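Colleague: I am new to this model and would love a close look at one part of it. Could you walk me through a place where two helices meet?

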Amino acid sequence: MNRSAANPFKLSRYSTDGLELVQTLEGKSREVSEAIGTLSASSSPYVPRLGDAPATLEDLVGDWFHLDEFVGDVANGFFGANQYLQETPLSPEQMDGMVLTIDDDTLARQGQVGYADRDEAIAAANAMADELERLREEGASDEDIQDFVAMAGRGQYDPAFAVTFSERVGVEGYADATAMIRAAYEQSGNVPPEGIAAVQVLSTTLTTALDTRPGIDDVDRHDLSNRDLPDDMRLGDGFVEDLTGDYVPGSGTDYPAPTEFDVSVLLRFADPPTEVAVEIANARMTPRLANEGYQWDVSMGAPNPWGEYGGLVPNYATMLSRNDDASAQWLASGRNIELVLARQGGYDTTDGGQAVADLVETGLTHWDEDQRRPIMERAIDAVGGDQDEIRNPWMYDALAAGVESNIDLIADRATEVTLGTLGDTEGSGATPIHNTHDFLRELMGEDRAAARVYSATLDYMADMLGGVGPGDEYGNATTRIGAVTSLVTEADANAEVGSAEERAARRQAFLDGTNRVADSVIGLLPGGGTVSSLTGDGLGWGADFFLAQFEDTDSVNSAYEDVGEFRKATQDAITAALANHEYAVSDMTSGDVLGEIGVEPGGESDFFAGDPDDDKRPIIPIEEMSDEQLTAYRQWLSSGQVNDAITNERTQVGQASDNIQELVEGRT
Amino acid sequence: MAAEMPARVAAVDGAVVVDFPWTAAASAVAALNAASSTLGSQLDARAGMLGTLEDWEGTYRREFNGTHGRLTSTASGLKESLATLASSIVTGAENANQQQRVNNTLAEEREAEPAAS
């Protein structure tokens, strides 16, 4: 096994310095080309023959750039194989004195190292294009295919190789090569892993070529140095136009010639720039999604030599969901999010709908609220509107993730209209709330999704309470807590959930979780413990916690089978959270609380932890209270002190809850 | 030494003006001189930078060396080619000036002939 040794910091420095020189030289080269171009337009007999020196200079610029990039790739290979090296604090002496040794295969893989010599890369690409021509004419065995893709082994990460090969063979050549791979293996059944690996080499080559396009945002570029490529080393517009729709393979009837399925397999493993990915999907996937009458556009059906990769829509969805921005932008364009959610069936012979669900989840959880929120709005209105159902079984998790990321939107919708201002619950003004309720109701019909929605609701409640510090006004926080909680619990009440015991178990779990939110506000007290760093499950209201409780139907209070009891208990639990919060952020002392209900500090009914002589003690978690402590605590919740302290907030919660209940129940 | 454009010989009254793109030629000579000079200094800089890579060993280093050698050789030759091209444009300009002088003389002679007769 061949090995390389080097100081990666020095390699990296060399590459950077070299590329700076290239940038200067490129400017000079451009000036020479322009000046000589102007001069050559003259018909004067005194202008000498200008020769090819300007062209040689341009070529040299490209060659130096390529070589300096090569050194940078080797440096990246060393860094990639020693991941923590760049994060480790090192003195200049340590950095200068370091020499690392790794095997060349690892170096090539980690650094995606291409050719040192651009001319060699271009020659290799032309040789591979020639070989494709030969195989097109003579046909290819599986051995031919392996030899063919091996020609791109080094070049697939090399922009000069990838651009030359791509321009030579065009999109059609890529499609032909992919179809050739399929045809070489299909005699013996599905395309085996080595056949898929061969396609992946083509996909990587395509990705590398597309990465040379101008105008790509830095965050969107795989190799940042491609930003500064000389223009003649970039992939041309014609190729991209073909890829984004101009190239149309056979309809599927001229099998085994290239079909859209082959193109989709090729692109499944590619990672194009955002804009190109969106255009590809709009041109090649959207029309299929809209074509509800035909299932063949989703799956090849039988025979399907691509096996699990034989789904056209899943393939394009996989390509998109590799890229957050592309996922969000595609879902937002046209009617794509509605089409994806409306799609019914056809996935069972491929991935069961998982890829499109992953795509939806990627879009709905995009880091930028401005991108994810409009998609979530439309998803809610699509599922909760006329459709009134979730058709893809994988979509429950995706949409639940959307609720987690967009709970603010749910809160906005839950509070944007009230019965009093609306006047008529049948009017279109209530549609957003009705759709949101129906959307949540469909989600709550599946355990895992319900657990995530409940968990997100309690996260929201805790965030809202945690955001109100000493001396702060609650503002509309309590209205939002009441409205969101009510919308979710009403959706759960109206969901199709199995037996009465199972319903009660869910409700019990939510109430227990709400109590833990109440407990968590002791974290706002000095010395009251820190809860903010814990996850939802650590706090006792995460999705996994809920799922476990959903299954525990033995220790459930059967009263919660009745929705009225559940609503009342929910209001009480929110009151406890508000009371605990008020105690935590106000001047109220433990002595004030116990004095209000006549309990002796340190006695058996004292529900505070810590030294009875302290002024501000944390309230014991509700589940850990003894019967005596719990009775006293409930007595305090009903006391005039609590009533005076949170009367407005409690009223706001109650009104928001009543409003939702009436808006939901009041419609026909 | 960088090539330098000569001053243009102006045409006298009645002389045929020699066709030569003076502005474009001056721009080209300046650009070629600058590129040649930059190439020269970059060749020196790149030779100095090689010391940074003294620890680098292995297949990729050998590939680097081969390509680096080829490009250095190309760059050295190109430095001279660019300078030569600049010189040949300057020569063209000088030739144009020379022809202009001839044309000017002819014009002056034509101007003098009617007075003599």
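Modeller: Happily! Helix 7 of chain A and helix 9 of chain A make a left-handed crossing, meaning that the near helix is turned anticlockwise from the far one by less than a right angle (clockwise would be right-handed). This is a predicted model, where local features need pLDDT of at least 70 and side-chain atom pairs count only at pLDDT 80 or more, while totals for chains, interfaces and linings use all residues. Residues are numbered from 1 along each chain as its sequence is written, and chains are lettered from A and ligands numbered from 1 in the order in which they are written.

Helices here are DSSP runs of H or I with at least four residues, strands are E runs of at least two, and both are numbered from the N terminus. Helix 7 spans residues 159-186 and helix 9 residues 237-246; their axes come within 9 Å and cross at roughly 25°. Axes are lines fitted to C-alpha atoms, for helices over the stretch in contact, with angles from 0 to 180 degrees between N-to-C directions. The two helices are therefore roughly parallel to each other, the word for angles under 35 degrees (over 145 is roughly antiparallel, 65 to 115 roughly perpendicular, the rest oblique).

From helix 7, A:Ser166, A:Glu167, A:Gly170 and A:Val171 make the contact, and from helix 9, A:Phe239, A:Asp242 and A:Leu243; contact means C-beta atoms, placed from the backbone, within 7 Å. These residues divide into 3 nonpolar, 2 polar and 2 charged, where Ala, Val, Leu, Ile, Met, Phe, Trp, Tyr, Cys and Pro are nonpolar, Asp, Glu, Lys and Arg charged, and the others, Gly among them, polar.

Elsewhere, A:Val453 is in contact with A:Ala400, A:Val403, A:Leu440, A:Leu443, A:Met444 and A:Val488, leaving aside its neighbours within four places in sequence.

Technical notes: Two residues are in contact if their C-beta atoms, placed from the backbone, lie within 7 Å.
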